[in-house]
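Here is a guided walk through one protein structure, taken a region at a time. Keep the viewer open and follow along as we go.

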Amino acid sequence: MRVSVVVDEKAKGVVKKEKKKEGFKMIIAHGGRSPTDAFSKLEDYVCSLLGVTTRNLSLVNGNITLTALQRVAGSDSCMTENIQSDKVMMGESGASNSNATSQAQTMESNITKKRRKRSIVWDHFTEIITSEGSTKAKCDYCFIEYVFKTKDDTSTLLSHMLKCPKRPTIVDKKQSNLGFQSALGGSQGDVAVVTWKFEQEECRKALCRMVIVDEIPFSFVEKEGYRDFMKVAQPYFRIPSRSTVTRDCFDLFNEEKQKLKRFFIETKQRVCITTDTWTSIQRINYMCITAHWINSEWNMHKRIINLCPIVSHKGEDMANGIGRCLREWGINKIFTVTVDNASSNDVTVKELSKQLTKMGTNLMNGTHLHVRCMAHIMNLVVQDGLKESSVSIERVRHAVRYVRQSPARLKRFKECFDVEQLNSKKTLCLDVPTRWNSTYLMLRRAIEFECAFSHYASSEIGLRHYLEHSYIDVRIPTGELLSSDWDNVKRITKFLEIFYLLTLKISGSRYVTSNIHFLEICAVAVYLKQLIANEDTVLSEMAKNMKENFNKYWGDPGKMNKIIFISCILDPRYKIESVGFALVKMFGVDPGATIQAEVTKYMTSLFSEYVKSSSKGVVLASSSDCSSLDTLTSGLSGSQASTQNIGLLESLMQDIKKYKSGSGGVDTRTELDKYLGEETEDDTKEFDVLLWWKLNSARFPILAEMARDILAVPVSSVASECAFSTGGRLLDSFRSSLTPKLVQALVCLQDWLRNEKLKQPISVEEDLDKIEQLE
């Protein structure tokens, strides 16, 4: 109920008071010299006139308003019921008593029906009239006033309602809420109660990570479906534009890059790198550089540190690009560079070795710097064997190609599954000429569908006609696919499976691969020798062709990198005995013994380099201690005698050490000699070479440092090649306008975000369990 009383505009003065009565806000304003008494009498008069007892009276610029307010059950707002409006004209004196009213006032009752306010904001706002006569809407919670022109102009009010900090139902962004997440280490379905609060910046970072890791286009954030989803999932999240997401990706890239760069500078970590080149759909030459290392906690790490465009694939240009990248990251200690067998890579490694020599960080003058990719060599070796493969492989390849050429043929081929009772949802795959492992996968899948092929060939005359009129080579027809062809394909597939599994094993980047490098090479050499003497002419011919290419890279031990032998020796399961046996098995007795002596000599020289580098710090520290001691004792009397006594004592201690070493009282063996003199560990599947060195690094501190660098050597460049797979998906025909700088940020960030943190927490319980197993 609202009653309005109009007072003379000449009333002087305005007095405002704020009172709280029964939980509601009351604003009182009145014109005149005695507002309190006059207003009290006027209030009594109006209430008696209307017959109400609830008092909430306001007088603003001559307008007196009495509002009957009531709280609605289950609502957080106050509802106002407008029943009627009475206008009372008062005299200039503004008197409100009964006498003045009867003499000077003209009362006019006017009952009007107002338009219903339909917007939800009026459940949280109250319409008021200011002293200037303008209409405003006042928030019922924080009492902020907004000007609006019409009743329908509520967009500003709605925006305030959603974010009003004093609204009871609003989510306080600073207040943590309870949430649920999957419990770490628990079984499936276990959850843990955690605290959570909404953070706009954290949500933007999470959105940025999702775009990078899942390779989502930037325009995804502007899609209608995503925006509708976010309105339901989190309406308080302000969705950024594609340009903002792009800037966030660059900011995240710079932030993560500075963390990684700070790690390399502070730890002065020696790293091994792999590199490869790629030409994108934009016809831009890219070079990828990946760093591999083992940290102080003996955890294997790899990070893509650069994906930059290069001028050409020439060795000099690639070496200059690698040099710029290393200087940018503050890395000057490179142990090895793993590349494929392209001739330009030989020039690249030589030029890079010169740069490292100028910096004074080229160990052993770069003798072991160049490591050839084992996976690439295996690819070349097997391809040579498949070039002279039997006609059976060609017949299977043509049959697979014929079925895959038409959807109708493929449908009829799958109908043969039901006839032959083959319960499989797999389909045929065709190989790629440059990838021998795809040939293996094609043959393995075709063998599973041998019965379906036989049934299809008997019912489909088109397949037989196609095989009879297709050619393997010029004037060499393919011919019909026979049962003997399937027998040959099965033997060849079993033969290729060994190389396929070996390629998968050496292509990993999250575990040590260099410790088994040489033993795997030796196993392949022995296997090829056995196949050459095999009665199976098909396999024997394939093995001969493969052995010729095998000897180009691993037939001459003088051309082999010594690191592949030393990494095997530093595995406590093998040591020098296993390497010596494998050398004799691969090259013979005399050549094997010669190579073993050379490897031992090179390993001793390399260990001496690490001893020198570690002793430099000790010498510098001792010299600084001596200089500080001399400074402190320079003012004391008898300092020369003290210095002479110290020198005499040191000389005496040296004589004592020589005497003990001569009489056998002191063990003069180095850490390397002690390590090689111990028994080998049991070769079990649970054995972890990095954990062993972590537990024994205190006994062999210098040798452990050398083992960290050698065991981190990757024997394949697959880690860098995988980056090009990501780049190929990013730079498709729909996103070919991405700049090289943005491509680098996306590829590097995806690799960094998918990898674990640099410093992993140590699990004492797991380490103790493994220690007990080793003991």
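**A walk through the model**

Leaving out residues up to four places away in sequence, Leu539 touches Arg491, Ile492 and Phe495. Keep in mind from the start that this is a predicted model. Leu539 sits in helix H17, which covers residues 537-554. Is Leu539 buried or exposed? Its relative accessibility is 8%, and because buried means under 20%, Leu539 counts as buried. You can also look for Gly385: its C-alpha lies 9.0 Å from that of Leu539, although the two residues are 154 apart in sequence.

Next, please move to Thr336, which belongs to strand E18 (residues 334-339). With a relative accessibility of 0%, Thr336 counts as buried. Which residues does Thr336 contact, leaving aside its neighbours within four places in sequence? They are Val271, Cys272, Ile273, His368, Leu369, Val371 and Val713. Take Ile273 from that list: Thr336 and Ile273 are 63 residues apart along the chain, while 6.4 Å separates their C-alpha atoms.

Now let us turn to a small piece of sheet. Strands E10, E11 and E12 form an open sheet of three strands in the order E10-E11-E12, and the pairing is antiparallel. Its edge strands are E10 (125-129) and E12 (145-147), each of which pairs on one side only. On average, and with direction ignored, neighbouring strands of this sheet are turned by 35 degrees against each other.

If you zoom in on E10 and E11 (residues 135-139), you will find five bridges in the antiparallel sense. Two residue pairs help to fix the register: Phe125 has Cys139 in E11 as its bridge partner, and Glu127 has Ala137 in E11. What links E10 and E11? The two strands form a hairpin with five residues between them, and in the turn Gly133 has a positive phi of about 95 degrees.

On the other side of the sheet, E11 and E12 pair over three bridges, again in the antiparallel sense. Here Lys136 stands opposite Val147 in E12. E11 and E12 also make a hairpin with five residues between the strands, where Phe143 takes a positive phi near 65 degrees. Before leaving this region, look at Ile120, found in the loop between strand E9 (106-109) and E10. Ile120, Leu158 and Leu162 make a nonpolar surface patch of about 270 Å².

The last part of the walk is about charges. Side chains of opposite charge can pair when their charged atoms come close. How many salt bridges are there, if the nitrogen of Lys or Arg must be within 4 Å of a carboxyl oxygen of Asp or Glu? The count comes to 23.

One of them joins the side chains of Arg242 and Glu222, at 3.2 Å from N to O. Arg242 lies in helix H6 (residues 242-267) and Glu222 in the loop between helix H4 (200-213) and helix H5 (224-233), so this pair ties together parts that are 20 residues apart in sequence. Arg242 counts as partly exposed, at 40% relative accessibility. Glu222 is also partly exposed, at 33%.

Another salt bridge brings together the side chains of Asp346 and Arg372, with 3.7 Å from N to O. Because Asp346 lies in helix H8 (residues 343-359) and Arg372 in strand E19 (residues 370-372), the pair ties together parts 26 residues apart in sequence. Asp346 is partly exposed, with a relative accessible area of 25%, and Arg372 is partly exposed at 34%.

In a further salt bridge, the side chains of Glu450 and Lys490 meet at 3.2 Å, N to O. Glu450 is in helix H13 (residues 450-459) and Lys490 in helix H15 (residues 483-506), so parts that are 40 residues apart in sequence are tied together by this pair. Lys490 has a relative accessible area of 36% and is partly exposed.

To finish, pick out Glu201, Arg204 and Asp248: these residues are linked in a network of salt bridges.

How values were computed. Residues numbered from 1 in each chain as written. Predicted model: local features only at pLDDT ≥ 70, side-chain atom pairs only at ≥ 80, totals over all residues. Heavy atoms only, no water. Pairing = 2+ DSSP bridges. Helix = DSSP H or I, 4+ residues; strand = E, 2+ residues; numbered from the N terminus. Axes fitted to C-alpha atoms, helices over the stretch in contact; angles between N-to-C directions. Patch = residues over 30% accessible without salt bridge, like charges linked within 9 Å, V, L, I, M, F, W, Y side chains within 5 Å. Areas by Shrake-Rupley, 256 points an atom, 1.4 Å probe, with all protein chains shown as cover. Buried < 20%, exposed > 50% of the residue type's maximum accessible area, 1.4 Å probe, protein only. Contact = heavy atoms within 4.5 Å.
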